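Q: Got a minute to go through this one with me? Let's take the surface before the fold.

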Amino acid sequence: MTVLAKLLAWGLSLLLLVALSGLLGLKLALSTLASIPAPPAPSPQQVADVKHLLQENMQRLGDASQLIFCYLHSNCRR
């Protein structure tokens, strides 16, 4: 065998080894993820609280963006 053929054989063997270890790692990761239980569903009160907080934050964001716009254009009437 020539040196080039030996290098090619070693390279392919190494590539196969890396691919197999990658597949094994993927299988291990997927089985670990599958064993994690799903979180419980939120209660209706929790959903309502989050919706209320989102509405408050959107209002604050609107107020802040309006203030920034006024400041940048120097036409605030406050």
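**Surface and shape**

A: Start with a nonpolar surface patch of about 730 Å², made by Leu16, Leu20, Leu23, Leu26, Leu30, Leu33 and Ile36. Patch residues have over 30% relative accessible area and no salt bridge (a side-chain nitrogen of Lys or Arg within 4 Å of a carboxyl oxygen of Asp or Glu). Nonpolar side chains are joined within 5 Å. Areas are Shrake-Rupley, 1.4 Å probe.

Q: What kind of model is this?
A: This is a predicted model; local features need pLDDT of at least 70, side-chain atom pairs count only at 80 or more, and totals for chains, interfaces and linings use all residues. Numbering runs from 1 along each chain as its sequence is written, and side-chain values use heavy atoms, without hydrogens and water.

Q: Is leucine 30 buried or exposed?
A: Exposed, at 51% relative accessible area. The cut-offs are under 20% for buried and over 50% for exposed. Leucine 30 is in helix 1, residues 3-35.

Q: How many of the 78 residues count as buried, in percent?
A: 1%.

Q: How many helices and strands?
A: Two helices, zero strands. These are DSSP runs: H or I of at least four residues, E of at least two.

Q: What should helix 2 span?
A: 44 Å, because its 30 residues (44-73) are taken at 1.5 Å each, times one less than the residue count. The end C-alpha atoms are 43 Å apart, which agrees. Serine 74 follows, with a positive phi near 50°.

Q: And the overall box?
A: Roughly 90 × 40 × 5 Å for the C-alpha atoms, along the principal axes.

How values were computed
Buried < 20%, exposed > 50% of the residue type's maximum accessible area, 1.4 Å probe, protein only. Patch = residues over 30% accessible without salt bridge, like charges linked within 9 Å, V, L, I, M, F, W, Y side chains within 5 Å.
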